[in-house]
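I opened a fresh page for this one and went through the fold piece by piece. Here are my notes, in the order I looked things up.

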Amino acid sequence: MIHTRICDLLGIPHPIVLGGMGTATTAPLVAAVSNAGGFGTLGTSAFNAATLDSEIGAIRERTDKPYGVNHLLFQIKEDMFAVTLRAQPAVAAFAWARKDQNLRDYFQRAHDAGCKVMYMANEVPEAARAAEAGADVLVAQGTEAGGHVGWMASLPLVPMMVKALAPIPVLSAGGIADGRGLAAALALGADGVLLGTRFMATPEAPIHANFKQAIVKTDGHDTVLTEIPDLASQRVWPGAMSRAQRNRFIECWAGREWALRQNASEVGKQVAAARAAGDIDNAPLSFGQDAGLIDAIKSVKEVVQEIVAEAEGIIKDRLQSLLR
Ligand SMILES: Cc1cc2nc3c(=O)[nH]c(=O)nc-3n(C[C@H](O)[C@H](O)[C@H](O)COP(=O)(O)O)c2cc1C
């Protein structure tokens, strides 16, 4: 069995974490990952204080295992953060702070509530800022990830972060969908992995079935880094691009971002309707390059078990057999 420091720190059997994804994590997915022996994290950007409170309650009804709650710092709302602190999850996870925000204040309040603090960064200086502010776990997110990303790829970023910020444990995020990814992340010095896209292609994920099939169908070569989804939703992220499939919606506005800014309100409504209808051509579809590794919808339990078994096999058999 693979056992790392993150297993002890978070109280989990397997070093596999579900990234808190704004529109793609609800109680059934979070609880399923925790019940499967990984660590489920709830994203919060689709909730308000009341709905976040009831979603956390729904996690608690489904599992007594540890779980986390993720806040995007640049748009954190005080009443929602208060809900998280009251719930005392095992982990308060954060990402995407503005440069002028005081991380130490948020991390201290999370620690005071009994939570461990996890911070996701896509460059070493940003991770160092979180380490100085007291983060317990760092997530090195490579540019191959789904969602909002930076410019560094995981292969250099993970070992750089591990070395610069030792002994703080680092999770590798981005591009990991199977046991090969877990084994590789451990070889780079990570203490575990944080996954988004692989868990979106599960029955437990709350996204439309057509979006799950789009992840299964793609060969992973058709994503782009773009600001178009954020222009349509009129949200300005602090220095992020969004990795999205190059579908009809993206191609319609590429090179015409000025026109999208002019029409953002109308386009935003069209996007919301397309997303609700499962229209994969006219809504932005965010997934990582590792979608090319995903060829079936599988239950969360199967995903976790297969990742662990495959990684163990690689370490025991393939890697050992190479030694002379
Ligand atoms: C649709 C979507 C929404 C996401 N929302 C968030 C979020 O709200 N907060 C966050 O910290 N990370 C978010 N992420 C990033 C994930 O936490 C994680 O870093 C990423 O999915 C890992 O790469 P992978 O998709 O290749 O596994 C999101 C990712 C996706 C695909």
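**Entry 1: the sheet, starting from one edge.** I began with β1 and its partner, strand β9 (residues 192-195); the two pair in the parallel sense over three bridges. To get my bearings I picked out Val-17, which stands opposite Leu-194 in β9. A reminder to myself: this is a predicted model.

Next I wanted the whole sheet. What is the order of its strands? I read it as β1-β9-β8-β6-β5-β4-β3-β2, an open sheet of eight strands with parallel pairing. The edges are β1 (16-18) and β2 (40-43), each of which pairs on one side only. I also looked up the twist: on average, neighbouring strands of this sheet are turned by 25 degrees against each other, direction ignored.

**Entry 2: helices on the sheet.** I then checked two helices that pack on this sheet. Helix α5 (residues 103-112) touches β4 (91-95) and β5 (116-121), and its direction makes about 145 degrees with that of β5. Helix α6 (residues 124-132) touches β5 and β6 (137-141); here the angle with the direction of β5 is about 165 degrees. So that I remember it, β5 is touched by both α5 and α6.

**Entry 3: a helix pair.** Two packed helices are described by the angle between their axes and the distance between the axes, and I looked up both. For helix α3 (residues 49-62) and helix α4 (residues 78-87), the angle is about 20 degrees and the axes are 9 Å apart. Angles under 35 degrees count as roughly parallel, so α3 and α4 are roughly parallel to each other. Their crossing is right-handed.

Which residues make the contact? From α3 I noted Ala-49, Leu-52, Asp-53 and Ile-56, and from α4 Asp-79, Met-80, Val-83, Thr-84 and Ala-87. Sorted by character, the residues of this contact come out as six nonpolar, one polar and two charged.

**Entry 4: one glutamine.** Last, I went to Gln-245, which lies in strand β11 (residues 241-245). Is Gln-245 buried or exposed? Its relative accessibility is 12%, and buried means under 20%, so Gln-245 counts as buried.

I listed what Gln-245 touches, leaving out residues up to four places away in sequence: Thr-218, Asp-222, Thr-223, Ile-250, Leu-285 and Phe-287. Thr-218 caught my eye, as it sits 27 residues from Gln-245 along the chain, with 9.1 Å between their C-alpha atoms.

Key: Residues numbered from 1 in each chain as written. Predicted model: local features only at pLDDT ≥ 70, side-chain atom pairs only at ≥ 80, totals over all residues. Heavy atoms only, no water. Axes fitted to C-alpha atoms, helices over the stretch in contact; angles between N-to-C directions. Helix = DSSP H or I, 4+ residues; strand = E, 2+ residues; numbered from the N terminus. Parallel < 35°, antiparallel > 145°, perpendicular 65-115°, else oblique. Left-handed = near helix turned anticlockwise from the far one by under 90°. Contact = heavy atoms within 4.5 Å. Nonpolar A, V, L, I, M, F, W, Y, C, P; charged D, E, K, R; others polar. Pairing = 2+ DSSP bridges. Buried < 20%, exposed > 50% of the residue type's maximum accessible area, 1.4 Å probe, protein only.
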